[in-house]
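Thanks for coming, everyone. I'll take a few minutes on one protein chain. Please look at the screen.

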Amino acid sequence: KMCMIFDRFPNHLKAEVFADFVRMKYKLSANVYDNQDQSNAVDPFPFKLNAPIVLIERHDDEKIERQVENLVIAFDGVFAGT
């Protein structure tokens, strides 16, 4: 299953707060992983990710996906790709 992939959060708490925010505001599934082996088991990504990693389910509306991608900056993370 394809996900939006976010990484490079300064700590686990920031990643969790981002995931919680996305779950509440957009009603999307969002999970935090402590290493790439864990996240790759859900959605393999061909490039190196820096944990903590957040995987968020894709949305049919591209506008909502762009909002989530831009939102990550407020939580000091980076959009890595899909």
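The accessible surface of this chain comes to about 4700 Å². Carbon and sulfur atoms account for 53% of that surface. Keep in mind that this is a predicted model.

Now the charges. There are 10 positive side chains and 13 negative ones. The centres of those two sets lie 4 Å apart.

Next, the overall build. We have three helices and four strands. Starting at the N terminus, the order is β-α-β-α-β-α-β. The C-alpha atoms fill a box of roughly 30 × 25 × 15 Å along the principal axes. The radius of gyration is 11 Å, and a compact globule with 82 residues would have one near 12 Å, so the two agree. Of the 82 residues, 41% count as buried. And look at the contacts between residues at least 6 apart in sequence: 71% of them join residues at least 24 apart.

So much for the outline. What is inside?

The largest nonpolar core has 18 residues. Those with the most contacts inside it are Phe6, Phe9, Phe18, Val22, Val54, Ile56 and Val68. Which elements give two or more residues to this core? They are strand E1 (3-7), helix H1 (12-26), strand E2 (30-33), strand E3 (53-57) and helix H3 (62-71). H1 gives the most, with five residues.

Take Val68 as a way in. Leave aside its neighbours within four places in sequence. Val68 is then in contact with Met4, Phe6, Phe18, Val22, Tyr26, Leu28 and Ile56. Apart from this core lies another one, of seven residues. Among them are Cys3, Tyr33, Ile53 and Leu55.

Let's stay with Cys3. Cys3 sits in strand E1. Is Cys3 buried or exposed? Its relative accessible area is 5%, so Cys3 is buried, the cut-off being under 20%. Not counting residues up to four places away in sequence, Cys3 touches Asp43, Leu55, Ile56, Arg58, Gly81 and Thr82. Pick out Thr82 from that list. Cys3 and Thr82 are 79 residues apart in sequence, yet 5.6 Å apart in space, C-alpha to C-alpha.

Now Gln36. Gln36 belongs to helix H2, residues 36-42. Gln36 is buried as well, with a relative accessible area of 17%. Beyond residues up to four places away in sequence, Gln36 touches Phe45, Phe47, Lys48, Leu49 and Ile53. Ile53 is one of the residues in that second core. From Gln36 to Asp7 it is 29 residues in sequence and 9.8 Å in space, C-alpha to C-alpha.

Last topic: the backbone. Most residues other than glycine have a negative phi, and most peptide bonds are trans. There are some exceptions to show you here.

Where is there a cis peptide bond? One joins Ala51 and Pro52, with omega about 0 degrees. Pro52 is in the loop between H2 and E3.

Then phi. Arg8 has a positive value, near 65 degrees. Arg8 is found in the loop between E1 and H1. At 49% relative accessibility, Arg8 counts as partly exposed. Asp76 also has a positive phi, near 65 degrees. Asp76 lies in the loop between H3 and strand E4 (78-81). Its relative accessibility is 42%, and Asp76 therefore counts as partly exposed.

That's my tour. Over to you for questions.

Methods:
Residues numbered from 1 in each chain as written. Predicted model: local features only at pLDDT ≥ 70, side-chain atom pairs only at ≥ 80, totals over all residues. Heavy atoms only, no water. Rg over C-alpha atoms; globule rule 2.2 N^0.38 Å. Buried < 20%, exposed > 50% of the residue type's maximum accessible area, 1.4 Å probe, protein only. Contact = heavy atoms within 4.5 Å. Areas by Shrake-Rupley, 256 points an atom, 1.4 Å probe, with all protein chains shown as cover. Lys, Arg positive; Asp, Glu negative; His and termini not counted. Charge placed at Lys NZ, Arg CZ, Asp CG, Glu CD. Core = buried A, V, L, I, M, F, W, Y, C linked by side-chain atoms within 4.5 Å.
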